[in-house]
Amino acid sequence: LSTSGITFRRRGPTTLHWSIPLMLAAAIAQSTLFRHLHLYGAAPNLVLAISVAWTLLRGAREGLLWAFVGGLALDLLSGGPLGLSSLALVLACAPALLTEGHVNSRALVFAMGAAACATLLFNGIMLLGLALGGQTLDPFAELAQRTLAATLLNTLSIVPIHLLLIVAYRSVERPEVGG
Amino acid sequence: MIGTERRPGWLTLVVLMAISVGLIYFHQIGLLAPFERLAAAPLAAVQGWLNTNLREFNNVVTTLQTIGALRERVDTLATENDRLTVENAQLREELNKASIFEKLLKYERANAELHYLPADVIGHDTDPNLHTIRLNKGLNDGVDHGMPVVTERGLVGRVTEVGPNWCEVLLLIDNASSVRARLSESRAEGVVTGKDQNSLLMDYITQGITVSPGEVVLTSGMGGTFPAGLIIGQVTTVRQSDEALFQQADVRPSVDFERLEVVLIIINFDRPATDETPGGPHDR
């Protein structure tokens, strides 16, 4: 992982211990603070944005673990089946496995695109899971509208989150000059 | 380097998906319910605390946000209130006028042989010693000098001056006014003149006739100045002396001259060319 000639070396094996309190806090914030910031029935998915941003910064393997923890936190605060958000969020972050090492994953534009794709995937899997579980869903038009609104909100909300996490990432990584 | 990291990444994905699917399955069969309850309890507590505080915070923010709008609303309502107050006053005025007109109309219908022209009182005499009023009807409306003016309560006076769109009425209470009158029960006749703001004097009542307080005083029609039978007032006190040639009576006018707003001018009453008011030295 290299940017502007600076190479970052992993300090520890994983940051999973940070993910639990952070994702729980994010899930709670999402269910309380962020639900007021709605657009066409959709609210920004803070947990998803953090998962995507962390996946892009720390690699797919660690990002998937964060996504899994975040999904569990969402499930604990949701009426849906435990594990569904985890599955959806893990799958939403999974494309990072394909792009890892091929693109500059720390570019803001890439992060925004990744957030949009992840939102579409996450919402699609969630809806599919709920439908398979026998949940009665809103008409397709409303779902599509809500999904598009969520995509827009997450694409925008990942910008500050991505920038904040870069700062946090630098605090746990020791930069070394050289290639 | 990339190749070595990609494999554990895929493995992680598969493992996490498997765990997730397993969780969903165990959730569906209810095996995870105790764990979920246990794990969700502290989260719910935090969630509840945060939500309550957030609601209060939201209330504060909402209040702050709405202050501007509320001020604007208050201004709008104050303006609206002012407008409605004025409108209300105008409507009350209209109502009062309508009430007066209703009474006048009833009077007019009860006295259908006479033709009336309603007129607004537009002014009172500036000299406190004179008791005249000015009406908004004049020559253009067919008003002429000497026409009697009444309300539903009785005689007001008669037209003494006429302009194109106004006329002046000499009130009964003016001491220059004199009207030939008759008492309703004793049928005694006399001349009513103005005495002061609230009373009239009926003079030249023939001795020997018993006049009682409370008797209604009407126009006699004699002399042709006024039609007969118009109410003037009511006798309050009678002054009778054997030495005097005539009796006198104080009369309380039936019309409240302080509150005249709308009056009726009798426009079809034929009167003689010259006023005949015996004993009326102040007649004008």
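Okay, a definition to start: a residue is buried when its relative accessible area is under 20%, exposed when that is over 50%, and partly exposed in between, using a 1.4 Å probe and protein chains only. Take Asn123(A): it counts as buried because its relative accessibility is 17%.

Some housekeeping. This is a predicted model, where local features need pLDDT of at least 70 and side-chain atom pairs count only at pLDDT 80 or more, while totals for chains, interfaces and linings use all residues. Residues are numbered from 1 along each chain as its sequence is written, chains are lettered from A and ligands numbered from 1 in the order in which they are written, and side-chain values use heavy atoms, with hydrogens and water left out.

Back to Asn123(A), then. That residue sits in helix H6 of chain A, residues 108–132. When I say helix or strand, I mean DSSP runs numbered from the N terminus: H or I with at least four residues for a helix, E with at least two for a strand. And who does Asn123(A) touch? If we leave aside its neighbours within four places in sequence, Asn123(A) is in contact with Thr147(A) and Ala150(A); contact here means heavy atoms within 4.5 Å.

Let's zoom out to chain A as a whole. You'll find 7 helices and 3 strands there, and along the sequence they run β-β-α-α-α-α-α-α-α-β. The chain has 179 residues, and 49% of them are buried. Look at the contacts with a separation of 6 or more: 76% of those in chain A come from residues 24 or more positions apart. On the outside, chain A exposes about 8300 Å², with 70% of that supplied by carbon and sulfur atoms. Those accessible areas come from the Shrake-Rupley method with a 1.4 Å probe, and for residues only the protein chains shown count as cover.

Now chain B. Here we get 2 helices and 12 strands, and the order is α-α and then β-β-β-β-β-β-β-β-β-β-β-β. Of its 284 residues, 36% count as buried. For contacts with a separation of 6 or more, the share from residues 24 or more positions apart is 59% in chain B. Its accessible surface comes to about 16500 Å², and carbon and sulfur atoms hold 57% of that.

So how do the chains meet? On the chain B side, 29 residues are in contact with 30 residues of chain A. People often give the size of an interface as the accessible area lost when the parts come together. For this pair, chain B and chain A bury about 2600 Å² between them, 75% of it on carbon and sulfur atoms; buried area is the accessible area (1.4 Å probe) that two parts lose on being put together, summed over both. Three residues to click on are Leu16(B), Leu43(B) and Gln47(B), which supply 21% of the area chain B buries against chain A, more than any other three residues.

How many salt bridges are there between chain B and chain A? The count is 0, a salt bridge being a side-chain nitrogen of Lys or Arg within 4 Å of a carboxyl oxygen of Asp or Glu. Helix H1 (2–28) and helix H2 (33–110) of chain B each give at least two residues to the side that touches chain A. The largest share, 17 residues, comes from H1(B). By class, that side of chain B has 18 nonpolar, 8 polar and 3 charged residues. For those classes, Ala, Val, Leu, Ile, Met, Phe, Trp, Tyr, Cys and Pro are nonpolar, Asp, Glu, Lys and Arg are charged, and the others, Gly among them, are polar.

Over all chains, though, the structure holds 9 salt bridges. Have a look at Lys195(B) and Asp250(B), with their closest N and O atoms 3.0 Å apart. That pair links distant parts of the chain: Lys195(B) is in strand E7 (residues 189–196) and Asp250(B) in strand E11 (residues 246–253), 55 residues apart. Asp250(B) is buried, at 10% relative accessibility, whereas Lys195(B) is partly exposed at 41%.

Asp250(B) also forms a salt bridge with Arg239(B), closest N and O atoms 2.8 Å apart. Arg239(B) is in strand E10 (residues 231–239), 11 residues from Asp250(B), and counts as partly exposed at 36% relative accessibility.

Last pair: Asp256(B) and Arg259(B) meet in a salt bridge at 3.8 Å, N to O. Arg259(B) is exposed, at 66% relative accessibility. Finally, Glu80(B), Arg83(B) and Glu87(B) are joined into one network by salt bridges that share partners.
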